[in-house]
Amino acid sequence: MLNKLKSTAKHTFIYSLGNFSTKVVGLVLLPLYTAKLTLLDYGKFTILETTAMFMAMIFGLRIVSSMMRWSAETEDKTERKSILFNSYFMLFFVAILLNVLLNPFREIFSNLLFGTTDYVNYFTVIFMTVGFEIINQVSMNLFRFREQSAIYTIFFVSKLSVVLLLNIFFLVKMDIGVIGIFYSQLIANILQFIFSLPILLKNFNYHFNFKFIKQMLGYGVPLIFSAISVQLLAIGDKYIIRYLLGYEAVGIYSLGGKISGVLNVLVVQSFQLAFVPIAFKMFKQPDAKEFFKKVFKYFAVILLFGAFTLSIFSREILEIFAQKQEYVIAYKIVPLITLAFVFKGLQNMFALAFYFKKKTKQIAVIVSVAVLINFGLNYFFIKILQTGISGAAFSTVLSTLFIMIILYFASRKIYLINYEIGKIFIALLVAFILFLIQFFVNFNAIFLQIVFKLSLCLLFPILLYLFGFFEKTELAKIRGIISKIGVK
């Protein structure tokens with residue numbers, strides 16, 4: 001078990017380096033976006049970006065999830081190469097079909113979202129970008145399955161670097177606005193496709209297995225509905241805000257989400273990238289349940305610490321990087337959205353049992369119910385109580401909390417793990433109390449204010465230690481893992 005913990009820690013760290021570059025790029029681009037785009041344009045960009053993400057989620061068909069699940073069941077290299085080839089073939093076909101079928105409806109998309117046909121060309125670029133993105137999922141998930149986190153990160157960071165440079169070129173040099181951002185993404189995805197193709201070709205077994213394709217679709221299709229629900233839960237509020245409050249409110253809400261997204265990218269996604277392949281291989285091991293129990297505990301405390309830190313420093317971050325004062329108000333929703341990401345990270349842990357037992361339909365049902373709850377709460381808070389974007393953020397918190405609780409109890413029926421929920425609650429309570437304290441202590445000098453907030457961050461693990469959160473054996477193992485992976 002210790003080796004698996006070390007491996008999880010090592011690969012999560014490497015993935016986090018790659019994902020950290022996402023936020024570095026985001027912070028570099030933030031002054032550029034807020035300087036070159038009006039709040040109205042930023043809101044429209046958010047709607048287009050959200051639509052592209054939603055399409056990639058749907059048309060990806062969750063084939064890569066099936067690919068990793070089936071690959072974990074066999075040690076036969078030839079069979080794994082066949083799984084890889086069939087997965088790639090399916091997504092390549094879907095990418096072509098997507099562009100052929102959707103391009104004739106560009107005007108409808110433009111009118112539906114913006115009430116004009118001025119954005120027709122945007123959707124041409126978006127459809128092509130989504131097509132290449134879903135194809136590129138295969139190579140990136142091949143690296144994940146093989147636990148080649150360094151290669152994954154090299155590809156990831158290279159793509160981000162291209163996006164950054166092209167964004168600067170199109171927005172500053174060419175000054176073509178929002179469409180330039182999507183040109184950047186398309187070119188970066190094409191380059192990734194070209195450079196990853198030789199690696200894939202060497203790992204293909206060119207044998208069509210229609211029985212396997214049928215099985216993968218049977219596993220993945222319920223996940224599509226789950227993915228749609230997850231995306232609606234994650235991005236549906238932006239469409240609701242757009243229709244109830246306008247594009248400017250979307251821009252503010254999206255900016256708050258991007259700051260909160262640091263937690264999602266650096267912790268939740270990095271952990272998922274590293275842990276899922278390991279988890280699939282670990283389920284049948286005799287010490288699997290103890291392994292999952294310990295991983296959950298420390299993953300939860302890292303999530304809470306990250307959410308707390310982001311929340312108390314959100315205003316300072318926006319004051320530094322936003323070029324217009326009208327954007328800074330977004331800091332008010334950061335604590336709520338980061339809390340939602342905490343619940344999202346924990347629910348992902350509970351969902352692993354369903355993936356392993358191939359009971360993906362249950363997840364789809366649970367998340368679909370949560371989406372309906374989320375939409376109802378959004379309407380109630382925004383339209384009836386008129387709480388603005390704070391109501392949308394609170395709706396997201398309640399919806400993700402609902403999923404987390406239901407998945408926790410449902411997962412125990414199919415794969416019982418006695419998680420240390422009491423200790424997680426203590427960590428949550430400590431973070432909440434420290435968060436409240438910072439409201440009652442204010443210094444006129446910004447330096448003193450930052451020092452005070454940093455002191456609160458340092459106080460978080462100290463209080464956990466005093467409350468008995470850590471065990472002596474765990475502390476000893478943590479020190480061993482850190483020394484082994486070379487982190488001093």
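This passage describes a kinked helix, the nonpolar cores and a pocket in a predicted model. Residues are numbered from 1 along each chain as its sequence is written. Local features need pLDDT of at least 70 and side-chain atom pairs pLDDT 80 or more, while totals for chains, interfaces and linings use all residues, and side-chain values use heavy atoms, without hydrogens and water.

A good place to start is helix α10, residues 247-282 (helices are DSSP runs of H or I, at least four residues, numbered from the N terminus). Its end C-alpha atoms span only 46 Å, against 52 Å for a straight helix of 36 residues at 1.5 Å a residue (the expected span is 1.5 Å times one less than the number of residues). A kink of about 40 degrees is centred on Ser 260, the bend being the angle between axes fitted to the seven residues ending there and the seven starting there. Helix α10 is largely enclosed by the rest of the structure, because 28 of its 36 residues are buried (under 20% relative accessible area, 1.4 Å probe, protein chains only).

Turning to the interior, the largest nonpolar core has 150 residues, and Phe 275 and Phe 292 have the most contacts inside it. Such a core is a set of buried Ala, Val, Leu, Ile, Met, Phe, Trp, Tyr and Cys residues joined through side-chain atoms within 4.5 Å. Another core, of 5 residues, lies apart from it and includes Met 140 and Phe 143.

Ile 190 lies in helix α8, residues 178-201. With 28% relative accessibility, Ile 190 counts as partly exposed (between 20% and 50%). The C-alpha atoms of Ile 190 and Glu 133 are separated by 8.7 Å, although these residues are 57 apart along the chain.

Finally, the lining of the second largest pocket has 8 nonpolar, 4 polar and 10 charged residues (nonpolar: Ala, Val, Leu, Ile, Met, Phe, Trp, Tyr, Cys and Pro; charged: Asp, Glu, Lys and Arg; polar: the others, Gly among them). A pocket is an open set of points on a 1 Å grid over the protein atoms alone where a 1.4 Å probe fits, with protein on both sides within 12 Å along at least five of seven lines, and lining residues have an atom within 4 Å of a point. Lys 281 is one of the lining residues nearest the centre of the second largest pocket, and α10 is among the elements that give two or more residues to its lining.
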